[in-house]
Amino acid sequence: MSSFKNVGQSFRRKDGRDKLTGKALYPQDIYLDDMLFGHTIRSTKPHANIKVDIAEAEALEGVYKVLTYKDVPHNKHGVLFKDHQVFAVDRVRRIGDPIAFVVAQTAKLAEEAASLVKVNYEEIQQYLIQEKQ
Amino acid sequence: MFELKINVNGKAYEVDIEPDLRLLDLLRDKLRLTGTKEGCGEGECGACTVILEGRAVNSCLVLAIQAHEKNVLTIEGLEKGDALDPVQQAFLDNGAVQCGYCIPGMVLSAKALLDVNPVPTDEEIKESVSGNLCRCTGYDKIVSSVKLASDRISKEGK
Amino acid sequence: MEITKAHKLYELETCLKLKAEYLEKAEFIAGGTDLLVHIREKENHGEVILDVSDIKELKGMDYGKDRVTLGAMTTFSEIVESEWAKEALQGLWEACKSVGSPQIRNTGTLGGNVANGSPAADSAPPLLALGSQVTLKNEKGSRLVDLDAFYLGKGKTDIKADEVLTQISFNKPTGKYALSFEKLGLRNALAISRISASIYMECDQAGVLKNVRVASGSIGLVPQREIEMETYLTGKNINDSWQDEALTVFSDIVKERLAGRSSMPFKKEAIKGVFEKALTKALDQLV
C-alpha cells in the first residue's frame with residue numbers, strides 16, 4: 001500500500017490561524033473612512049397593499065438617502081421565475097419583505113430614520129395555518 | 001460623555017464614550033479590535049466573550065463604563081509575537097475551526113478555564129464552554145482541543 | 001428610554017445621594033446581564049445609569065456566627081466557587097450554578113436577580129426558603145424587609161425610588177437541616193426557569209420534620225413561599241411514605257392558582273417532577 005501525499009494526511013486549514021487570532025475579516029469587521037450605515041425597513045404584515053412615505057425619514061439630519069423600488073433599475077429577480085422584488089412596490093407578500101433602505105452617517109441615525117418611514121398597510125387575504133385554541 | 005480609561009491586551013487607552021456604549025462596541029467600533037464578534041447581542045451565544053479582570057464575560061452585556069480602569073483580554077491579545085497561545089495552537093492542530101465565528105469566544109472561555117484550572121475534567125471543559133454556541137463543529141473537536149491544550153501546558157511545565 | 005448620562009460609583013454614600021436626586025430617572029447597573037437586554041429592547045426605564053458594580057460596601061460574603069450576609073454585588077460565580085456555600089447552602093449553590101452560562105454567572109449578581117423582581121429568578125426560591133431579608137438603604141437610613149414581603153407583583157418590588165438594595169441576609173442554618181433546589185428549564189444551560197422549587201427543612205431525632213419552608217419560582221406572578229406545602233410537610237416523619245401524596249397536593253395548588261392560564265396543564269404536571277427531585281435531594285441531605 002503506497003501512502004498518499006494528501007489523502008489520509010492531516011492538514012491545518014489555510015485560514016485557521018487568522019480565524020484563531022481574530023485577524024480574519026467577516027463582513028461586519030470591515031470599516032472604511034466616511035462609511036455610511038444602512039437599515040432595512042421590512043414588512044410587518046404577511047400580505048398587504050402598501051403606501052410608503054419616506055419624506056420625514058429623508059429629512060432627518062445625517063440621513064443621506066432612503067432607497068425604495070424607485071431607485072432600483074431592475075427590480076425583479078429570480079432563478080426560474082423573475083418575480084422576486086428587491087423592494088416591494090405596492091404589495092408585500094410576507095412578514096419581512098424589504099420595503100425601503102435607509103442610508104445614514106451612523107448606525108443609530110439609520111435606525112432612527114427607519115422608524116420615521118411611514119408604511120400604510122391595507123391587509124388583504126392571508127393564507128395562514130390556524131390551530132383551534 | 002464619559003472619559004473612559006481601559007487597558008486592553010496590555011495597552012492603555014483613553015476614549016470619550018457615550019454612556020450606553022457596550023464593551024463589545026468599544027472594542028470593535030472604537031478600538032477596531034474586530035476579533036470579538038457579535039452573534040446575538042443578548043448573552044445567549046458567547047461569540048462576544050472576552051476576559052475581564054480574569055473572568056470570561058459576554059461583552060455584549062457589559063457597559064464599557066463597567067470596565068473603567070480595568071483589564072480586558074481579547075482574542076487579539078493571546079498570541080505572543082509569532083507564537084500562538086497553547087489554546088489557539090491546539091485548536092489549529094486539532095482541526096477545531098470551521099467557519100470560525102464562534103472561535104474567539106470559544107478560545108477565550110477555554111483560556112479562562114485553563115488559567116484557573118490547568119487540568120480540567122471533560123465535564124469541566126464542557127461546562128466552561130456551555131455559554132458558547134457553535135453551529136459548525138458539533139463541539140467534539142472543541143472539547144478535545146481544550147484537552148490537548150491542557151495536556152501540552154502540563155508537559156511544558158514539567 | 002435614551003440614556004443620557006452614566007455615573008461610575010465607588011462609594012455607597014455618593015450612590016445614595018445621587019439616587020435621592022434622580023429618583024426614578026436613574027437606574028442601577030450591577031452585573032448588567034438583565035439591564036443590557038432591556039436597553040437593547042428599548043425597555044429600560046432610566047435616562048441615567050448609576051454603575052454600582054464597583055461599590056465596595058456592596059461586595060463580600062460574610063458567613064458570620066449567627067447570620068449570613070451576602071453583598072448585593074455577590075455574583076453567581078462567587079457563590080458557586082464558595083466551598084462553604086456548596087456544603088452548607090446546597091440549594092442556593094445549585095440555583096446559582098444553574099443560572100445562564102459561566103459568562104453570565106461571572107457578572108450577574110444576587111442583588112440584581114432579586115431586585116428585578118422576575119418570577120423566574122433562580123436565586124429567589126432558595127433565598128425565600130432560607131427566610132432571607134433584604135437591606136434597603138437610602139440617605140435617611142436603612143430598613144430590613146422580609147424577602148417574601150418584598151415581591152409585590154410581576155416585576156414589582158418594595159424598593160422605593162430613593163433606595164438601594166445593599167445586602168441579602170438570613171439566619172445561619174445549624175443542626176440537622178437541608179436546603180434543596182430543583183429547576184425545570186428547556187435545556188441544560190442558558191435556560192430560563194420554567195418552574196422551580198426550593199425546600200428548607202429540619203428534622204428532630206425521631207425523624208419528624210420541623211421548621212419547613214418551601215418556595216417556588218415561575219408559579220404565578222412572583223417567587224413565593226408555599227405555605228400550604230409547609231403545613232403539609234410539617235410533622236411528617238422522613239421514614240414514612242407520604243412523598244407521592246405531597247406531589248399531588250402541590251399539583252392541586254398549582255392547578256388552582258394558574259386556573260385559566262394556558263401554562264396550567266403543563267405546570268400542574270411539571271411541578272410533580274420538580275418537587276419530587278427537590279424533596280428527594282432534601283431528604284438525602286437529612287440522612
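Which residue's side chain does the side chain of C:Asn106 join in a polar contact? I opened the notebook with this, keeping in mind that the model is predicted.

**Entry 1: C:Asn106**

I found that the partner is C:Ser77, and that the polar contact between the two side chains spans 2.7 Å. I then placed C:Asn106 in the fold and noted that it belongs to helix α6 of chain C, which covers residues 102–107. I also looked up its accessibility: the relative accessible area is 14%, and C:Asn106 counts as buried because that value falls under 20%. When I listed its contacts, setting aside neighbours within four places in sequence, I found C:Thr75 and C:Ser77 from chain C, together with B:Arg55, B:Ala56 and B:Val57 from chain B.

**Entry 2: the contact of chain C and chain B**

Those chain B residues led me to the interface itself, where I noted that chain C and chain B each give 31 residues to the contact. The area buried between chain C and chain B comes to about 2400 Å², and carbon and sulfur atoms carry 53% of it. On the chain C side, I recorded that C:Leu36, C:Arg40 and C:Gln103 supply 25% of the area that chain C buries against chain B, which is more than any other three residues supply.

I looked up the charged pairs next and found six salt bridges between chain C and chain B. One of the salt bridges between these chains links the side chains of C:Asp54 and B:Lys70, with an N to O distance of 2.7 Å. The polar contacts between chain C and chain B number 14 residue pairs, with both residues at pLDDT 80 or more. I then asked which elements of chain C give two or more residues to the side that touches chain B, and I wrote down β1 (5–8), α2 (35–40), β3 (48–51) and α6. Of the side of chain C that touches chain B, α6(C) provides the largest share, with six residues. By class, I entered 12 nonpolar, 10 polar and nine charged residues for this side of chain C.

**Entry 3: the contact of chain B and chain A**

I turned to the contact of chain B with chain A, to which chain B gives 26 residues and chain A gives 16 residues. Chain B and chain A bury about 1800 Å² between them, with 50% of that area on carbon and sulfur atoms. I noted that B:Arg28, B:Leu92 and B:Val97 supply 26% of the area that chain B buries against chain A, more than any other three residues.

For this interface I recorded five salt bridges, and I looked up the pair B:Lys37 and A:Asp29, whose closest N and O atoms in the salt bridge are 2.7 Å apart. I also found 15 residue pairs in polar contact across the interface of chain B and chain A, both residues being at pLDDT 80 or more. On the side of chain B that touches chain A, at least two residues come from each of α1 (23–30), α2 (86–94) and α3 (103–116) of chain B. The largest share of that side, five residues, comes from α2(B). I divided the side of chain B that touches chain A by class into 11 nonpolar, six polar and nine charged residues.

**Entry 4: helix α1(B)**

Is α1(B) mostly covered or mostly uncovered? I found that it is mostly covered, with six of its eight residues buried, and I listed these as B:Leu23, B:Leu24, B:Asp25, B:Leu26, B:Leu27 and B:Arg28. The buried residues of this helix pack against β1 (2–8), β2 (11–17), β3 (49–52) and β5 (71–73) of chain B. Just after α1(B), I noted that B:Arg32 takes a positive phi of about 55 degrees.

**Entry 5: a sheet in chain A**

I looked up an open sheet of three strands in chain A and wrote its order as β6-β2-β8, with antiparallel pairing. The edge strands are β6 (91–92) and β8 (118–123), each of which pairs on one side only. I followed the pairing of β2 (residues 48–53) with β6(A), where two bridges join the antiparallel strands, and I noted that A:Asn49 has A:Arg91 in β6(A) as its bridge partner.

**Entry 6: C:Trp84**

I closed with C:Trp84, which lies in helix α4 (residues 83–88) of chain C. C:Trp84 is partly exposed, at a relative accessible area of 28%. Not counting residues up to four places away in sequence, C:Trp84 touches C:Tyr63, C:Val68, C:Leu89 and C:Lys172.

Key
Residues numbered from 1 in each chain as written. Chains lettered and ligands numbered in written order. Predicted model: local features only at pLDDT ≥ 70, side-chain atom pairs only at ≥ 80, totals over all residues. Heavy atoms only, no water. Contact = heavy atoms within 4.5 Å. Buried area = accessible area lost by both parts, 1.4 Å probe. Salt bridge = Lys/Arg side-chain N within 4 Å of Asp/Glu carboxyl O. Polar contact = N/O pair within 3.5 Å; in protein donor to acceptor, adjacent residues only side chain to side chain. Helix = DSSP H or I, 4+ residues; strand = E, 2+ residues; numbered from the N terminus. Nonpolar A, V, L, I, M, F, W, Y, C, P; charged D, E, K, R; others polar. Pairing = 2+ DSSP bridges. Buried < 20%, exposed > 50% of the residue type's maximum accessible area, 1.4 Å probe, protein only.
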